[in-house]
Amino acid sequence: MAEPMKIRATLQGDIADVRILFLHPMETGTRKDSKGDIVPRHFIQNVAVTHNGKTVLDGQWSQAISRNPFLGLRVKGAKAGDKISVTWTDNKGDTRTDEVAVAAAL
Amino acid sequence: MIDPSRRTILKYAGAFGAFTMGLVTGLVKSSNAVAAQWNKVGFESKAMADALKALGAGNPVESKDILITAPDIAENGAVVPVAVVSKLPHTQQISIIAEKNPRPLMATFDVSSGSEGYVSTRIKMGETSNVWAVVKADGNFFAAKKEVKITVGGCG
Amino acid sequence: MNKTWLKWAAVSTPALIALGCATYPDQATTRQVAEKMVSEDFTAPTPALLKRLVQDRSQQVCSKIGDAKLTQEEAAEVVKLARDSIRYPAAGKLVGDWKVGEKLALDGAGDRIQGGILEKRKENGGLCQNCHALAPGEINVGNVGPSLTGYGLQRGNSEAIAKLTYERIYNGWAYAPCSNMPRLGATGHLTPEQISHMVAYLIDPQSPVNTK
Amino acid sequence: MPRKQNSITALAVVCLATWGAAPAMAQSGDPLAVGRQMLAEDNPGELWIERGKTLFHQKRGPQDASLEQCDFGLGPGKLEGATTRLPRYFPDTDRVQDLESRLLTCMVQLQGFNRDDIVKRAISPAGSNGSDVEALTLYITSRSNGMKMNVSLSHQKEYDMYKAGEYLFYRRSGQTDFACVQCHGGANKRIRLQDLIHMTDKKGVQEVVSTWPAYRGAHFVVRTMQWRLSDCFWQMRLPELTYASDVSIALTTYLHYQGNGAVIKVPGFKR
């Protein structure tokens, strides 16, 4: 089941510092469970980040990205209230999109 | 901006759009949200040289304009933080490679002009190894490396 | 069950109520209360494994609370108990194979209990590197105990040093009563043969510990 | 393989300074500090808070009840600051309880869950999605974030628990001859590369009480104080500590009281 991400987008000047935490097992396909059975490969393959609908980062991941992944990026030309949207899709076709508004600098 | 394969998708979508406008919007939108592309050959390469080839980056130039932030020693190889800054003009793509991993290529980020040449993520590393950042800028490939030592944690 | 506790409660509780505040129980009562908890609050796959929680005399003496110090008599008692505990390898050989000792020294596993199961291994790890620096240049080392890098270089590998080293691993409380160093032989964590290999790892001139 | 490019120099260094916290950290001398800082800044444990909140308010269990009527010491459903006073004495159970044992009480009494079932699953397997208890414990503790630990020993049973905890902290047993203090009684100590918190020092013990529950990087789940204690006994080669038992509550009472004044900031991040 695709669980919500935690996205923080904070303005630093005209740049939005975007930090995303995902809940995902990122199984490598080599790990064995407690019964000794191989856990099938299950990982996020694609991550895309948009700024007010425009793609600013398009990521491809392997299974070697850590479990419960983290992604940080910096979006140019951002203003408070701008929409940052993140979508991921995994190798089983599961997908999820979450969106936040850019917060003004602290 | 964006790399050639991506452009192909967009072009394809455009051609398709001649038939139905509505569907095109859908296609473009979904390719915007999540690119359908996934560099299977690159990600399944077992040697760094093959992964570079699959990126189209056969022989990248080592550049001091790429900065890698990662720990000298990682306490936990399953979660090694790596941040890459590319100060190269027209940075289009940043890839992260752990040289000694069974499958060295870990991530590729196409960065548009709307984001800075910066990505930060966390990777799994099986053993002490160089971590490479391979950057495509203005159509050319550059690289930088940093060694990360992996230790066994706790009481062993 | 514990009379002292009841007696204490009977005496002090009314006083507390009168004062409107609580006071610390005395040491003997605390000990009884806590020991009862220990006897009730742990599980193990076999009753024999539960005995690990039972303190021997030395452990009791060495469990000083806070800054409390050992008395001279207590220290002497712990030293004597330690001296009496030491057993040597059947063949009498105190210096084994440093390569075997190296593996043991780096191995921190063995004999732990989790999920109702005792960690099954041929032999226990020596746990050394968890707390001591050993081979020079190795970064993944603890510092709860002193660095042992160059141990043999400083002390040589005479018979006397071999014996001292063996005894300090088997039961270091013979020399430093109640130190943090586990009595690895005396508590049965390691066998005399395993300890002889660790002695070799520490004093053999060929051992990585003694590379310059 | 890449070859050298013989240009470009100081520019990179100058730019580095403008890149905020993480790259600036690279200057620090501790080879572990960079990684720790980078990981702590973005803590996946935060993902558990929302989950715990949902679980707290959801009607669950055989009695189809939420935990909103659970009294953690400040009145039913009052969570702000509740953790700062725990463990404490609860008249209804006539026991000193830590957060987790109190949570158990409520899950059994209000929601009708079977106690043994919850206890069995309370500490989740490494690499799993975590347990309900872990998420709830984090959520409830997070509601005291920014507040100071303020455990009181005004009830006789609280005193007794505290003194028992102190006794247990120094009680050596087993084949390693360890008590807590053997590893946690000195400054700047490490087991291999892992720092051992100096718990007989005010600042050290405050670090402990303010950072649990914590995301445990090596396990990919949120861990609680109950887990931390049981894991120590495991490494000490002792039998298994019963979840929410008096031994665990006594040690927690001792540590929390010692750590009074610490500002709670959860989830922590542990390697």
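This is a walk through a predicted model, one selection at a time.

**Stop 1: chain A on its own**

Start by hiding everything except chain A. You'll find zero helices and seven strands there, so don't bother hunting for coils of ribbon: by definition the elements counted are DSSP runs. Reading from the N terminus, the order is simply β-β-β-β-β-β-β. If you box up the C-alpha atoms along the principal axes, you get roughly 50 × 25 × 20 Å. Of the 106 residues in chain A, 47% count as buried. Among contacts with a separation of 6 or more, 58% link residues 24 or more positions apart.

**Stop 2: strand E2 of chain A and its two neighbours**

Now select residues 15–21 of chain A, which make up strand E2. Five of those seven residues are buried, so the strand is largely enclosed by the rest of the structure.

Which strands flank it? On one hand there is E1(A), residues 6–12, pairing with E2(A) in the antiparallel sense over seven bridges. These two strands form a hairpin with two residues between them. Click on A:Gly13 in that turn: its phi is positive, about 70°. On the other hand, E5(A), residues 70–75, also pairs with E2(A) antiparallel, over six bridges.

A handy residue to label here is A:Asp17. It stands opposite A:Thr10 of the hairpin pairing, and its bridge partner in E5(A) is A:Arg74.

**Stop 3: across to chain B**

Keep E5(A) selected and bring chain B back. E5(A) pairs in the antiparallel sense with E7(B), over four bridges. To see one matched position, show A:Leu71 and B:Thr121, which stand opposite each other.

Widen the selection to the whole interface, where 31 residues of chain B are in contact with 31 residues of chain A. On the chain B side, the elements giving two or more residues are helix H2 (21–33), strand E6 (105–111) and strand E7 (115–123). E7(B) gives the most, with eight residues. Colour that side by class and you should get 16 nonpolar, 10 polar and five charged residues.

**Stop 4: the cores**

Which residues have the most contacts inside the largest nonpolar core? Pick B:Val84, B:Ala133, B:Val134 and D:Ala250; the core itself has 151 residues. Zoom in on B:Val84. Leaving out residues up to four places away in sequence, B:Val84 touches B:Ile66, B:Ile68, B:Ile94, B:Ile96, B:Tyr118, B:Val119 and B:Ala133. There is also a second, separate core of 35 residues, which includes C:Leu127, C:Tyr170, C:Leu202 and C:Ile203. As background, nonpolar side chains tend to be buried together in soluble globular proteins.

**Stop 5: a helix crossing in chain C**

Stay with chain C and select two helices: H6(C), residues 98–106, and H10(C), residues 192–203. Their axes come within 7 Å and cross at roughly 100°. Angles from 65 to 115 degrees count as roughly perpendicular, and the two helices are therefore roughly perpendicular to each other.

To see who makes the contact, show these side chains:

- From H6(C): C:Trp98, C:Val100, C:Gly101, C:Glu102, C:Leu104 and C:Ala105.
- From H10(C): C:Gln194, C:His197, C:Met198, C:Ala200 and C:Tyr201.

By class, the residues of this contact divide into seven nonpolar, three polar and one charged.

**Stop 6: where chain C meets chain D**

Add chain D. Here 39 residues of chain D are in contact with 44 residues of chain C. On the chain D side, H8 (156–169), H9 (180–184), E4 (189–191), H11, E8 and H12 each supply at least two residues. The largest share, eight residues, comes from H8(D). The class tally for that side is 16 nonpolar, 11 polar and 12 charged residues.

There is strand pairing between these chains as well: two bridges join E1(C), residues 42–43, to E8(D), and the strands run antiparallel. Label C:Phe42 and D:Leu241 to find a pair standing opposite each other.

**Stop 7: helix H11 of chain D**

Finish on residues 225–235 of chain D. The buried residues of H11(D) are D:Met225, D:Gln226, D:Trp227, D:Leu229, D:Ser230 and D:Phe233. What covers them? The list includes H5 (99–109), H6 (115–122), E7 (221–223), E8 (240–241) and H12 (246–258) of chain D. Last click: D:Arg237, which follows H11(D) and has a positive phi near 70°.

Key: Residues are numbered from 1 along each chain as its sequence is written. Chains are lettered from A and ligands numbered from 1 in the order in which they are written. This is a predicted model: local features need pLDDT of at least 70, side-chain atom pairs count only at pLDDT 80 or more; totals for chains, interfaces and linings use all residues. A residue is buried if 20 or more other C-beta atoms lie within 10 Å of its own, exposed if 12 or fewer, and partly exposed in between; C-beta atoms are placed from the backbone. Two residues are in contact if their C-beta atoms, placed from the backbone, lie within 7 Å. A nonpolar core is a set of buried Ala, Val, Leu, Ile, Met, Phe, Trp, Tyr and Cys residues joined through C-beta atoms within 7 Å. Ala, Val, Leu, Ile, Met, Phe, Trp, Tyr, Cys and Pro count as nonpolar, Asp, Glu, Lys and Arg as charged, and the others, Gly among them, as polar. Two strands pair if DSSP finds at least two bridges between them. Axes are lines fitted to C-alpha atoms, for helices over the stretch in contact, and angles run from 0 to 180 degrees between N-to-C directions. Angles under 35 degrees count as roughly parallel, over 145 as roughly antiparallel, 65 to 115 as roughly perpendicular and the rest as oblique.
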